[in-house]
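Thanks for coming. I will go through a handful of local features, and you can follow along on the screen.

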Amino acid sequence: MINNFKTAEELMKARYNAFENGDIEFIVETHYIETKENMDIEETRKWALNSEWLGLEIISTEKGTENDIEGIVEFKAFYKEKGKETIHHEKSKFIKVNDQWFYYGCLPLHGTIVKEEKIGRNDPCICGSGKKYKKCCGK
């Protein structure tokens with residue numbers, strides 16, 4: 001797979017669109033090889049397909065330009081799951097390998113609420129790691 005995204009933010013937006021459209025193959029392909037081994041693809045697929053995606057808000061970006069090899073994108077993804085509106089707030093790390101951006105994983109959000117009401121501690125983490133939320137982005 002070759003992705004032509006110039007910035008980490010462009011890839012972040014494309015990954016959100018892939019969740020919105022149920023394109024889990026894209027999510028898997030754009031996940032960095034060393035961190036995707038923990039990803040539960042079927043749980044990610046089920047979660048993406050059973051959610052109604054309502055929007056994406058980019059909060060901030062650090063580096064992640066055409067000239068960088070790493071970048072961070074903080075975002076909020078809004079969706080409904082089982083009729084409940086949910087906000088997933090994440091700070092994602094991206095890395096560039098051979099001029100292609102990849103999602104590396106989520107970083108701790110210091111001083112910010114990660115779980116904004118509706119994600120259960122034992123629910124699968126929405127970053128697609130396959131781990132429980134409490135052991136991943138919900139730390």
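Where does Asn98 lie? Asn98 is in the loop between β3 (84–97) and β4. Keep in mind throughout that this is a predicted model.

Why start there? Most residues other than glycine have a negative phi. Asn98 is not a glycine, yet its phi is positive, about 50 degrees. Asp99 is found in the loop between β3 and β4 as well. Its phi is also positive, near 65 degrees, and Asp99 is a residue other than glycine too. As for exposure, Asn98 has 69% relative accessibility and counts as exposed. Asp99, at 64%, counts as exposed. The cut-off for exposed is over 50%, so Asn98 qualifies at 69%.

Asp99 takes us to the start of the chain, since Asp99 is among the residues that Asn3 touches. Asn3 sits in the segment before α1 (8–21). Is Asn3 buried or exposed? Asn3 is buried, at a relative accessible area of 3%. Leaving out residues up to four places away in sequence, Asn3 touches Thr30, Asp99, Gln100, Trp101 and Phe102. Take Gln100 from that list: Asn3 and Gln100 are 97 residues apart in sequence, but their C-alpha atoms are 5.9 Å apart in space.

Next, the aromatics. How many aromatic pairs does a search of the whole structure find? The search gives 9. One of them is Tyr32 with Tyr104: the ring centres are 5.5 Å apart and the planes are at 35 degrees, so the pair is tilted. This pair links distant parts of the chain, with the two positions 72 residues apart in sequence terms. Tyr32 is in the loop between α2 (24–29) and α3 (41–49), and Tyr104 is in strand β4 (residues 100–107). Tyr32 is buried, with a relative accessible area of 15%. Tyr104 is partly exposed, with a relative accessible area of 31%.

The second pair to look at is Trp53 with Tyr79. Their ring centres are 5.1 Å apart and their planes are at 35 degrees, so this pair is tilted. It too links distant parts of the chain: Trp53 is in strand β1 (residues 51–63) and Tyr79 is in strand β2 (residues 70–81), 26 residues apart. Trp53 counts as buried at 10% relative accessibility, and Tyr79 counts as buried at 1%. Trp53 and Tyr79 also belong to one aromatic cluster, together with Tyr16, Phe19 and Trp47.

Back to Tyr104 for a moment. Which residue lies over the face of Tyr104? That is Lys93, at 4.9 Å from the ring centre.

Last item, Glu74. Glu74 lies in strand β2, the strand that holds Tyr79. Glu74 is buried and has no salt bridge. The nearest side chain of opposite charge is Lys91, 4.7 Å away. A salt bridge needs the nitrogen and the carboxyl oxygen within 4 Å, so at 4.7 Å Lys91 does not make one with Glu74. What the side chain of Glu74 does have is a polar contact with the side chain of His89, at 2.6 Å. Not counting residues up to four places away in sequence, Glu74 touches Glu57, Ile58, Ile59, Ser60, His89, Glu90, Lys91 and Leu109. Both His89 and Lys91 are on that list.

That is everything I have for today.

Definitions and conventions: Residues numbered from 1 in each chain as written. Predicted model: local features only at pLDDT ≥ 70, side-chain atom pairs only at ≥ 80, totals over all residues. Heavy atoms only, no water. Helix = DSSP H or I, 4+ residues; strand = E, 2+ residues; numbered from the N terminus. Buried < 20%, exposed > 50% of the residue type's maximum accessible area, 1.4 Å probe, protein only. Contact = heavy atoms within 4.5 Å. Phe/Tyr/Trp six-rings, centres within 6.5 Å; stacked < 30°, edge-to-face > 60°. Lys NZ or Arg CZ within 6 Å of the ring centre and 35° of its normal. Lys, Arg positive; Asp, Glu negative; His and termini not counted. Polar contact = N/O pair within 3.5 Å; in protein donor to acceptor, adjacent residues only side chain to side chain.
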